[in-house]
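Here are some friendly exercises to work through with the model open beside you. Try each one yourself before reading its solution.

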Amino acid sequence: MFLLAVSATISLVLGISQEVVLGNSMGSNTGWAQSAAIIGAIVITVTATAANDYQKNYKFERLQQRTEERWVTAIRSGKSCHISIYDIVVGDVLLIDTGDILPADGILVEASQILCDESHLSGESELVRKIPADQYGGDSTASPFVFSGAIVSQGIGTYVVTAVGMNLTSGRIAMALHNRTQQTPLQQRLGRLAKRIIIVSSIIGAVYFLILFIRWLVQLKSPNGPKTARDKGESFLDVFMIAATVIVIGVPEGLSLAVSVALAFATTRMLRDNNLVRLLRSCEVMGNATCICTDKTGTLTTNDMNVMSGVIGCDEKFGPNSQTPPDVANPARSNLLSASELAAQLAIDVRGILKSSIALNSTAFEQGGSGSGNFGGSSTEIALLRFARDHLGMASLAQQRANAEIVELFPFDTDRKYMGVVIRWGDKFRLLVKGAPEIIISNCSTTLESTMRNWNPREELISTVLREEKRAELEDAVYDYACKRYRTIAMAYRDLESWPPVESTNSEGDPIDLHGYFDEAFREQMTFVALFALRDPLRPEVVESIRKCQDAGVFVRMVTGDNLATAEAIALESGIFTAGGIAMDGPTFRRLTPKQMDAVIPRLQVLARSTADDKAQLVMALKRLGETVAVTGDGTNDAFALKAADVGFSMGKSGTQVAKDASSIVLLDDNFASIVKAVAWGRGISDATKKYCQVIGPMNHARKKTRLILISFEQFQFTLNITAVIITVISTLVGDVDSSVFNVVQLLWLNLILDILAGLALSTDYPRPYLMRRKPEPRSASLISLTMWKMILGQSIYQLAVIFTMQYAGGKLWSEASDDQAQTVVFNTYMFIQLFNQIK
């Protein structure tokens, strides 16, 4: 393009000077008008490309800013509120939880078992223990100071911000996992192809120029050759410009442009579809995903839980409402009380321990200030807090916690499947635990009885031995609730003489492992309190979204921490669990040998009671089997699976910051339907480029008819390059430079309109419905398939035959037309052929 611009400028100067000096009657052979047109076409092409690059870079910068933005929970004027990390000021009180990346420096006010990863400052991988400021006494092993960019690996608490912006110790607001904008696999493959095309075109252009140059040298001594130095110079410029133009038209300059535009357009539109793209390559890779491993809660379900049923002690059950119709087959069910009716008859101490187990053993908080009733936190804890407020007479959450002395809080752990809190109870301590029913019930040796005030005049806690038949009844209740697609939560307690039973430090002065003692205390002498069944409705659009995935050849698997019966019921309702599929729990999955795992995984549709390690192991096994894997995750431990997957989706609402930083795409609405939209956009990127340059993927003869529609789009660009070069080369070699079918301006017009502008138009197309009715392309798919070559060669032969016939035999059709008129007809015919080739 540069050489063509230089030669056109020289030709323009010569043409204008000859027009001025010698007059119009002695005009130059080249003509200044054609040179001006060439320069104008070059300017338009460069301007269009530069404008597109600017717009693309602007969109990517805006997307990067959106990616880096985070929201934290702060307490201002006594009310909890969500603020951006860019709005944090000194003096703000921020809440922190496991998995958070601290946005500012500060001092801890409240802390419960907080361990921070400060390796970004110290370079040491060892976790640092943090304690509240009022407990700090100069101990070097623990401090109240927290720093921006540190990862909260364990615990919860609050801290006062002491530094922001440039005053941060780390010199940055947060330790986000910044990722340079890298080329996608598609861009890399197209870049390599473009280099080959440039080399081939340059060789052809050089040979072509050498032939024309030798012929030009021969013509210099011919009687009909150029006489003056000016004529010789202009004839040489004609030769040089036609050779340079052949190189320009032979190289699809919009090749990388089309992909960049498609990516920029897709990422912007995906943001509107609640997909925040963090890694550009994930847009393309998602289009070829062969399986999706998805969570259940919040992704397939609405994440809006409500307590529907439950058991208090071992005998007192309640249901969704008190208007239960008579059940002849099961008279006991006809007498099932509602939650309000049962709560009104509970003994005072029973209601008290239920409120304590719900309000104190929780990391949820009250948004909008004390007494607002608007809770924030996990959906499970919010549902239990609503139950306590509506049926147990719980006051504001802040007041409930202020009336108790919390000694130690152990947040929920996905590997343990339970959480606990130690509170002071008179001169003793009480351990409250809640979590997965199968774990809680198995560790209980006693249970509450006489929970109703009619049987308990003193309204105190009365416990009895948990007999095996009662334990079996509780397990049956858990199974029945799970079959109704309910999530179950069990609660238990234990009174302790002291906490911890030994000094808080050992003989060497190091802190003891309170988590270890908590686990040990939980494993014996626990008293069963209650079992709650919570309903989390399936999202209405999930069934249709999963059906679209299955039609698109994408295998959907559910990986959840719920028990197997609940997972099977939800998977069956959503369409994930089908005939011939396998449902398995985490402990069974972990016992499989690698050979057994390879045999089971292709049919595995549900993995229940799984841990983050199970999810990561499943992802790596699927990749080992050649699958392109997308996975969802929201917890800190999910970061390994999110990084291991080809595309990791983190949850924008419920996900931790560590999970978001490890992911490729953030689901802003936590909705599975948004993942399906990402698949469609990923395929749309590839197909938008195929429409332009026909080099993105293979065609399979067994694919549906809708797939073949793409061939008509794909063939146009390469056919244009091949035919334009062949027509120009042959026509100039048969005749002379002036006898070319297309002159330089016409060739540049083809390059501008059908290369640059067509690429811009076709790359900004929306995904078509037929994209979700074909199978994903394998990793080993070649860029140009045999079918594509057949279409290219067939179209090229057809176009060459038509144009050469019109050029050399057209005189019989328009014998009275001038050469310029005949050339115009041929050029317009070629343009219409390309147009119909593009849109047919």
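**Exercise 1.** Decide whether Gln 550 is buried, partly exposed or exposed in this predicted model.

*Solution.* Start with the relative accessibility of Gln 550, which is 36%. Next, recall the cut-offs: buried means under 20%, and exposed means over 50%. The value for Gln 550 lies in between, so this residue counts as partly exposed.

**Exercise 2.** Find the surroundings of Gln 550: which element holds it, and which residues does it touch beyond four places away in sequence?

*Solution.* First, locate Gln 550 in helix α16, which covers residues 542-551. Then look for its contacts: leaving out residues up to four places away in sequence, Gln 550 touches Gly 575 and Lys 775. Now zoom in on Gly 575, whose backbone oxygen lies 3.0 Å from a polar atom of the Gln 550 side chain. Finally, turn to Arg 774: it is 224 residues from Gln 550 in sequence, while their C-alpha atoms are 9.9 Å apart in space.

**Exercise 3.** Trace the open sheet of 8 strands and explain why β9 and β24 each have one side without a neighbour.

*Solution.* Begin by following the order β9-β28-β27-β26-β10-β23-β25-β24, and note that the pairing is mixed. Now check the two edges: β9 (275-277) and β24 (582-585) each have a single partner strand, so one side of each is left without a neighbour in the sheet. From one strand to the next, the twist averages 20 degrees.

Next, pick out β10 (residues 291-294) and β23 (residues 555-559), which pair in the parallel sense over 4 bridges. Within this pair, Thr 294 has Met 558 in β23 as its bridge partner. To finish, add helix α17 (residues 564-574), which packs on the sheet and touches β23, β24 and β25 (604-608). The direction of α17 makes about 140 degrees with that of β25.

**Exercise 4.** Work out how β18 pairs with β17 and with β21.

*Solution.* Take β17 (residues 418-425) to begin with: β17 and β18 pair in the antiparallel sense over 8 bridges. These two strands form a hairpin with 2 residues between them, and Gly 426 in the turn has a positive phi of about 70 degrees. Then move to β21 (residues 486-496), which pairs with β18 in the antiparallel sense over 7 bridges. Leu 431 ties the picture together: in β18 it is the bridge partner of Val 422, and it stands opposite Arg 494 in β21. As a last step, check how covered β18 (residues 428-435) is: 7 of its 8 residues are buried.

How values were computed. Residues are numbered from 1 along each chain as its sequence is written. This is a predicted model: local features need pLDDT of at least 70, side-chain atom pairs count only at pLDDT 80 or more; totals for chains, interfaces and linings use all residues. Side-chain values use heavy atoms; hydrogens and water are left out. Two strands pair if DSSP finds at least two bridges between them. Axes are lines fitted to C-alpha atoms, for helices over the stretch in contact, and angles run from 0 to 180 degrees between N-to-C directions. Contact means heavy atoms within 4.5 Å. Buried means under 20% relative accessible area, exposed over 50%, partly exposed in between (1.4 Å probe, protein chains only). A polar contact is a pair of N or O atoms within 3.5 Å; within protein, one must be able to donate a hydrogen and the other to accept it, and residues adjacent in sequence count only if both atoms are side-chain atoms.
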